[in-house]
Amino acid sequence: MRIYFLSSIPAALYVGGAYFGKVSDFERFAEISLQDGLPVRFDAEGMQPLQFFLDESLPLRPPKGVDVYRLENG
């Protein structure tokens, strides 16, 4: 599944513990299976890190501070 990552505040993005790059309103994406349950962390300067797991519950119950959109043909 193609997962897009965006942030309203510029932040460093870590996926599976590895640095994935800086995100803001410019998207980054990766092909990730929700069955893998990878940890994700957004680190924005001066803010508490936002952490959650990319798992099958994410589309149904996104954590506080996370919006999930399902794109048709996406």
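**Strands and salt bridges in a predicted model**

Modeller: In this predicted model, strand β2 (residues 11–15) and strand β3 (residues 18–23) run antiparallel and are joined by five bridges.

Biologist: What makes β2 and β3 count as paired strands?

Modeller: Pairing asks for at least two bridges, and β2 and β3 have five, so they pair. In this pairing, V15 stands opposite A18 in β3.

Biologist: What lies between β2 and β3 in the hairpin?

Modeller: Two residues lie between them, and G16 in the turn has a positive phi of about 60°.

Biologist: Nice! Now, why is the contact of R2 with E31 called a salt bridge?

Modeller: The cut-off is 4 Å between a side-chain nitrogen of Lys or Arg and a carboxyl oxygen of Asp or Glu. The closest N and O atoms of R2 and E31 are 3.3 Å apart, which is within 4 Å, so the pair qualifies. R2 sits in strand β1 (residues 2–5) and E31 in strand β4 (residues 28–31), 29 residues apart, so the pair links distant parts of the chain.

Biologist: Why is E31 called exposed?

Modeller: Exposed means over 50% relative accessible area, and E31 has 56%. R2, at 37%, counts as partly exposed because that value falls between 20% and 50%.

Biologist: How do you know that R41 and D43 form a salt bridge?

Modeller: Their N to O distance is 2.8 Å, and that is within 4 Å, so they meet the rule too. By this rule, the count comes to two salt bridges.

Biologist: And what makes R41 and D43 partly exposed?

Modeller: R41 has a relative accessible area of 29% and D43 has 24%. Both values lie between 20% and 50%, so both residues are partly exposed.

How values were computed:
Residues numbered from 1 in each chain as written. Predicted model: local features only at pLDDT ≥ 70, side-chain atom pairs only at ≥ 80, totals over all residues. Heavy atoms only, no water. Helix = DSSP H or I, 4+ residues; strand = E, 2+ residues; numbered from the N terminus. Buried < 20%, exposed > 50% of the residue type's maximum accessible area, 1.4 Å probe, protein only.
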